[in-house]
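Please read the following remarks with the sequence and the coordinates open beside them. They are set out as numbered points for discussion.

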Amino acid sequence: MKKIEAIIKPFKLDEVREALSDVGVTGLTVTEVKGFGRQKGHTELYRGAEYVVDFLPKIKIEIVVADETVEPAIEAIIKAARTGKIGDGKIFVSSVEQVVRIRTGEANEAAI
């Protein structure tokens with residue numbers, strides 16, 4: 001099993017969710033986050049004062065999938081989230097040792 005964490009632009013969330021659903025991902029966790037990478041940030045004007053926004057709003061999606069679903073899920077995220085502009089985001093994949101469904105006690109593959 002693998003955990004996929006994707007940091008994407010907020011307006012791409014619905015497209016990514018639909019794309020993941022199409023490849024068989026049945027659940028996900030979404031968190032509103034802030035950060036920066038090469039995009040750095042930008043300057044905004046508010047009530048006549050200029051200020052720098054260092055941390056940009058992003059969405060973090062977390063899913064846990066079986067090993068055979070990892071590549072289709074990554075491809076779905078890339079296809080749905082890509083705008084071709086700086087700040088499209090990143091995908092991180094890590095191993096998951098154990099999963100337990102609290103309600104039933106099911107473990108690992110059965111709990112996904």
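The points below take up one helix and its surroundings, then a few individual residues.

1. The structure is a predicted model, and the remarks that follow should be read as statements about that model.

2. Helix α1 spans residues 13-22, and within this helix Val16, Ala19 and Leu20 are buried. These residues cover an arc of only 100° around the axis, which places them on the same side of α1. In general, an α-helix has 3.6 residues a turn, so residues three or four places apart point the same way.

3. As to what lies over the buried residues of α1, the cover includes the strands β1 (2-8) and β5 (56-65) together with helix α2 (70-81). Just after α1, the chain reaches Gly24, which takes a positive phi of about 100°.

4. The relation between the two helices deserves a point of its own, since two packed helices are described by the angle between their axes and the distance between the axes. The axes of α1 and α2 come within 8 Å and cross at roughly 150°, and this angle makes α1 roughly antiparallel to α2, because angles over 145 degrees are counted in that way. The crossing of α1 and α2 is right-handed.

5. Which residues of α1 meet α2? On the side of α1 they are Glu15, Val16, Ala19 and Leu20, and their counterparts in α2 are Ala73, Ala76, Ile77, Ala80 and Ala81. The residues of this contact of α1 with α2 divide into eight nonpolar, no polar and one charged. Val16, Ala19 and Leu20, which take part in the contact with α2, are also buried residues of α1.

6. Leu13 lies in helix α1, and at 21% relative accessibility Leu13 counts as partly exposed, because buried residues are those under 20%. If residues up to four places away in sequence are not counted, Leu13 touches Ile8, Val30, Ile59 and Ile61. The C-alpha atoms of Leu13 and Lys58 are separated by 9.8 Å, although the two residues stand 45 residues apart along the chain.

7. Glu62 has its place in strand β5. Is Glu62 buried or exposed? With a relative accessibility of 19%, Glu62 counts as buried, because this value falls under the 20% cut-off. Once neighbours within four places in sequence are left aside, Glu62 is in contact with Lys3, Ile4, Glu5, Leu28, Thr29 and Thr31. Glu62 and Gly105 are 43 residues apart in sequence, and their C-alpha atoms are 21 Å apart in space.

8. A last remark concerns Asn108, which is placed in the segment after β6 (90-95). The phi of Asn108 is near 55°, a positive value in a residue other than glycine, and Asn108 is partly exposed, with a relative accessible area of 30%.

Methods:
Residues numbered from 1 in each chain as written. Predicted model: local features only at pLDDT ≥ 70, side-chain atom pairs only at ≥ 80, totals over all residues. Heavy atoms only, no water. Buried < 20%, exposed > 50% of the residue type's maximum accessible area, 1.4 Å probe, protein only. Helix = DSSP H or I, 4+ residues; strand = E, 2+ residues; numbered from the N terminus. Arc of directions from axis to C-beta. Contact = heavy atoms within 4.5 Å. Axes fitted to C-alpha atoms, helices over the stretch in contact; angles between N-to-C directions. Parallel < 35°, antiparallel > 145°, perpendicular 65-115°, else oblique. Left-handed = near helix turned anticlockwise from the far one by under 90°. Nonpolar A, V, L, I, M, F, W, Y, C, P; charged D, E, K, R; others polar.
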